[in-house]
Amino acid sequence: MTTACRPPAALPAEMPPTAAPTRRAALGALAAFAGSAVGLAGCAAPAAGTSTAPPTAAAPGAGSGTKLVLLGTKGGPRIGGERSNPANVLLIDGVPYVVDCGYGVARQLVAAGVALPSVRQVFLTHLHSDHDIELGTLLYGAWSAGLNQKIAVHGPPGTAAMVRAFFDYMNVDIAIRRADEGKPDPVPLVVASEFDRDGVVLQNAQVRVTAARNIHPPIEQSYALRFDTRDRSIVFSGDTTKSDAVVALARGADVLVHEVIYVPGVDALVRRVPNAPTMREHLLASHTTTEDVGRVAAAAGVKTLVLSHFVPGDDPSITDAMWLDGVRKHFDGRVVVGRDGMVL
Ligand SMILES: [Zn+2]
Ligand SMILES: [Zn+2]
């Protein structure tokens, strides 16, 4: 994380839907982002165009309806660069539903104006560290800030054990604070539930959440998630190579947030590591190229495609145009190149 700059008080809004075309919308959102002087990660975003979109004045949780905030858009566990590690939050009538807990999720939520004790539901798409390493910190941060309601954590098998292990890890501190500060026992406030197949993970008055297994070898328990609320349908691909199950899950959705890799960038990346051939093979077998992301979005007929979980996610030589080129060969709908802090 960059320490030289500070996060903004409020986050920029996405371009309004009337401001087409797609490329301009993506650049406009980015320019609005740059217009707020600093990005959520605390670094100045490069100006990439002219925008008439005003930054939002209020925290993204304000108001009714469903909003998506991209908290971290870089794939992988490596820390650094302008993008934070994978995390998102849906605000459904102001109630936060967190999707994935990469490094920085708690800090990014606070920077986005989301009070940690207000988080009610957390979802993990799979148990790679870039999606779960800060689950415990998020739960602890909520408790530390006054949590007095239950938080539900939904994830693949292993999730409940991870929650238990975290509270064991923090046992000394928690015991001291309970005795010294009169805090409640956090353990019964966190309810972990696991899913291991396609189907409905959660249904309540606000949302139906549906899981579909994607393709992310060698992990078998890896899922895409679809959120249907009264006003929007938003799908997260999770980590996956091109997947027919993701296409089916995302059919007709308003928004598809899809992971993406840029192959020439991957080639440059793996040249720097000792296990290059193995790493390249893993990345190509378990993630989705820009071209295939375009194919998936077109086949699913989504209204807006949001690129996220960028790999490489910290190579400034890869421009928005480079991320978009492959997508554009197959998908002519609206595409947003995701940035930390974007509100959609
Ligand atoms: Zn990942
Ligand atoms: Zn993964």
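**Two mixed sheets and a zinc pair in a predicted model**

In this predicted model, strand 9 is joined to strand 10 by a hairpin of 3 connecting residues. Strand 9, comprising residues 223–229, and strand 10 pair in the antiparallel sense, with 4 bridges between them. Within this pairing, Leu225 is found opposite Phe236 of strand 10. On its other pairing with strand 11 (residues 255–261), strand 10 runs in the parallel sense, over 3 bridges. Here Ile234 has Val255 of strand 11 opposite. The connection from strand 10 to strand 11 passes through helix 7, and the resulting β-α-β crossover is right-handed. Residues of strand 10 alternate in direction: Ser233 and Val235 point one way, Ile234 and Phe236 the other way, and all are buried.

These strands belong to an open sheet of 7 strands, ordered 7-8-9-10-11-12-13, in which the pairing is mixed. The edges are taken by strand 7 (199–203) and strand 13 (334–337); each has a single partner strand, so one side of each lacks a neighbour in the sheet. From one strand to the next, the twist averages 25°. At the strand 13 edge, strand 12 (residues 304–311) and strand 13 pair in the parallel sense over 4 bridges. Leu307 is placed opposite Val337 of strand 13 in this pairing.

A further open sheet contains 6 strands in the order 1-2-3-4-5-6, and its pairing is likewise described as mixed. Strand 1 (66–72) and strand 6 (190–194) form the edges; because each has a single partner strand, one side of each is left without a neighbour in the sheet. Neighbouring strands are turned against each other by 20° on average, with direction ignored. Strand 4 (residues 121–123) and strand 5 (residues 151–155) are paired in the parallel sense through 3 bridges. Gln121 has Ala152 in strand 5 as its bridge partner.

Two helices that pack on this sheet were examined. Helix 4 (residues 135–144) touches strand 3 (95–101), strand 4, strand 5 and strand 6, and its direction makes about 170° with that of strand 5. Helix 5 (residues 159–169) touches strand 5 and strand 6, with its direction at about 150° to that of strand 6. Of the 10 residues of helix 4, 8 are buried, so the helix is largely enclosed by the rest of the structure. The buried residues are Leu135, Gly136, Leu138, Leu139, Tyr140, Gly141, Ala142 and Trp143. Gly146, just after helix 4, adopts a positive phi of about 110°.

The zinc ion (ligand 1) has four protein donors: Asp130 (OD), His131 (NE2), Asp239 (OD) and His309 (NE2), at 2.1 to 2.2 Å from the ion. In sequence, these donor residues follow the spacing D-H-x107-D-x69-H. The angles subtended by the 4 donor atoms run from 91 to 162°, and the arrangement is therefore irregular. A tetrahedral assignment would require all angles to lie between 85 and 135 degrees, whereas the range for the zinc ion (ligand 1) extends to 162°.

The zinc ion (ligand 1) lies 3.5 Å from the zinc ion (ligand 2), and Asp239 coordinates both. Distant parts of the chain are linked by His131 and Asp239, which are 108 residues apart. His131 belongs to helix 3 (residues 129–132), while Asp239 is in the loop between strand 10 (233–236) and helix 7 (244–249). Both count as buried because their relative accessible areas, 1% for His131 and 2% for Asp239, fall under the 20% limit.

Pro77 contacts one of the zinc donor residues, Asp130, as well as Asn85 and Ser129, when neighbours within four places in sequence are left aside. Pro77 is located in the loop between strand 1 and strand 2 (87–92). With a relative accessibility of 55%, Pro77 counts as exposed, since the threshold for that class is over 50%. The C-alpha atoms of Pro77 and Tyr103 are 7.6 Å apart, with a separation of 26 residues in sequence.

How values were computed: Residues numbered from 1 in each chain as written. Chains lettered and ligands numbered in written order. Predicted model: local features only at pLDDT ≥ 70, side-chain atom pairs only at ≥ 80, totals over all residues. Heavy atoms only, no water. Pairing = 2+ DSSP bridges. Axes fitted to C-alpha atoms, helices over the stretch in contact; angles between N-to-C directions. Contact = heavy atoms within 4.5 Å. Donors = N, O, S within 2.8 Å, 3.2 Å for Na, K, Ca; no water. Tetrahedral: all angles 85-135°; square planar, octahedral: opposite > 155°, others 65-115°. Buried < 20%, exposed > 50% of the residue type's maximum accessible area, 1.4 Å probe, protein only. Right-handed = clockwise from strand over helix to strand, strands pointing away.
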